[in-house]
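Me: Could you walk me through this model, one question at a time? I'd like to see the reasoning as well as the answers.

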Amino acid sequence: MSVQIEASAAGPIDMASSRVSRHDRLPAVDACRGIATVLVLGFHAELLPPWAAVGMDLFFVISGFVITRRLLGSYGLGWFWWRRFRRLVPALVVMIAGVGLISLTGIWGGAPVGRDAAAGLAYVANWVQIRAG
């Protein structure tokens, strides 16, 4: 099944192949992402001084830039959310299924995970945990 969304001047975008062209990538942003990753890993491995934790801040800034660039670019909001859905939901389903299966072993003292699994699938887990106290 192929879904198409009309982009501004770029013509239709085939949602079945929601890959970003390598021409849309910025090598400088990829380099900054690599530096941020090295800083975070070095900080957690205690190989770098405490200031290396700034790598996490750098990573959040880069993510905000990339997301904003894609949202304001020629792809549009529909393409952004479709691509995000296709990238994140399969891993989410596998993770929740795995946690559900592990919970059947009683390793967590028989705590029910159904509510948390449903909240995770709906992307409202934080709100459910806040409400639960």
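**The largest pocket and beyond**

Reply: Happy to! Please keep in mind that this is a predicted model. A good place to begin is the largest pocket, where 19 residues form the lining and Arg33, Val66, Ile67, Arg70 and Arg83 lie nearest the centre.

Me: Which helix gives the most to the lining of the largest pocket?

Reply: Three helices each supply at least two lining residues: helix 1 (27-44), helix 2 (54-72) and helix 3 (76-103). The pocket they help to line holds about 390 Å³ of space. With seven residues, the top contributor to this lining is helix 2.

Me: How do the residues of that lining divide into nonpolar, polar and charged?

Reply: Among the residues nearest the pocket centre are Arg33, Arg70 and Arg83, along with Val66 and Ile67. Arg counts as charged, while Val and Ile count as nonpolar. Over the whole lining, the division is nine nonpolar, one polar and nine charged.

Me: In what order do the elements of the protein chain run from the N terminus on?

Reply: The secondary structure comes to five helices and two strands. Starting at the N terminus, the order is β-β-α-α-α-α-α.

Me: How is helix 4 oriented to helix 5: roughly parallel, roughly antiparallel, roughly perpendicular or oblique?

Reply: Helix 4 (residues 114-121) and helix 5 (residues 125-132) pack with their axes 7 Å apart, at an angle of about 140 degrees. Roughly antiparallel would need an angle over 145 degrees, and roughly perpendicular covers 65 to 115. The angle therefore makes helix 4, relative to helix 5, oblique.

Me: Which residues in helix 5 meet helix 4?

Reply: The helix 4 side of the contact consists of Arg115, Asp116, Ala119 and Gly120. Counting both helices, the contact residues divide into four nonpolar, two polar and two charged. On the helix 5 side, the residues are Ala125, Val128, Gln129 and Ala132.

Me: What is the count of buried residues in helix 5?

Reply: To count as buried, a residue needs under 20% relative accessible area. In the protein chain, buried residues make up 17% of the 133 residues. Helix 5 is hardly covered, and among its eight residues the count is zero.

Me: Is Tyr123 buried or exposed?

Reply: Tyr123 sits in the loop between helix 4 and helix 5, and has a positive phi of about 60 degrees although it is not a glycine. Most residues other than glycine have a negative phi. The cut-off for exposed is over 50%, so at 51% relative accessibility Tyr123 counts as exposed.

Notes: Residues are numbered from 1 along each chain as its sequence is written. This is a predicted model: local features need pLDDT of at least 70, side-chain atom pairs count only at pLDDT 80 or more; totals for chains, interfaces and linings use all residues. Side-chain values use heavy atoms; hydrogens and water are left out. On a 1 Å grid over the protein atoms alone, a cavity is a set of points where a 1.4 Å probe fits but cannot get out, and a pocket is an open set with protein on both sides within 12 Å along at least five of seven lines; lining residues have an atom within 4 Å of a point. Grid points are joined across faces, edges and corners, and a volume is the space filled by probe spheres set on the points. Helices (H or I, at least four residues) and strands (E, at least two) are DSSP runs, numbered from the N terminus. Axes are lines fitted to C-alpha atoms, for helices over the stretch in contact, and angles run from 0 to 180 degrees between N-to-C directions. Angles under 35 degrees count as roughly parallel, over 145 as roughly antiparallel, 65 to 115 as roughly perpendicular and the rest as oblique. Contact means heavy atoms within 4.5 Å. Buried means under 20% relative accessible area, exposed over 50%, partly exposed in between (1.4 Å probe, protein chains only).
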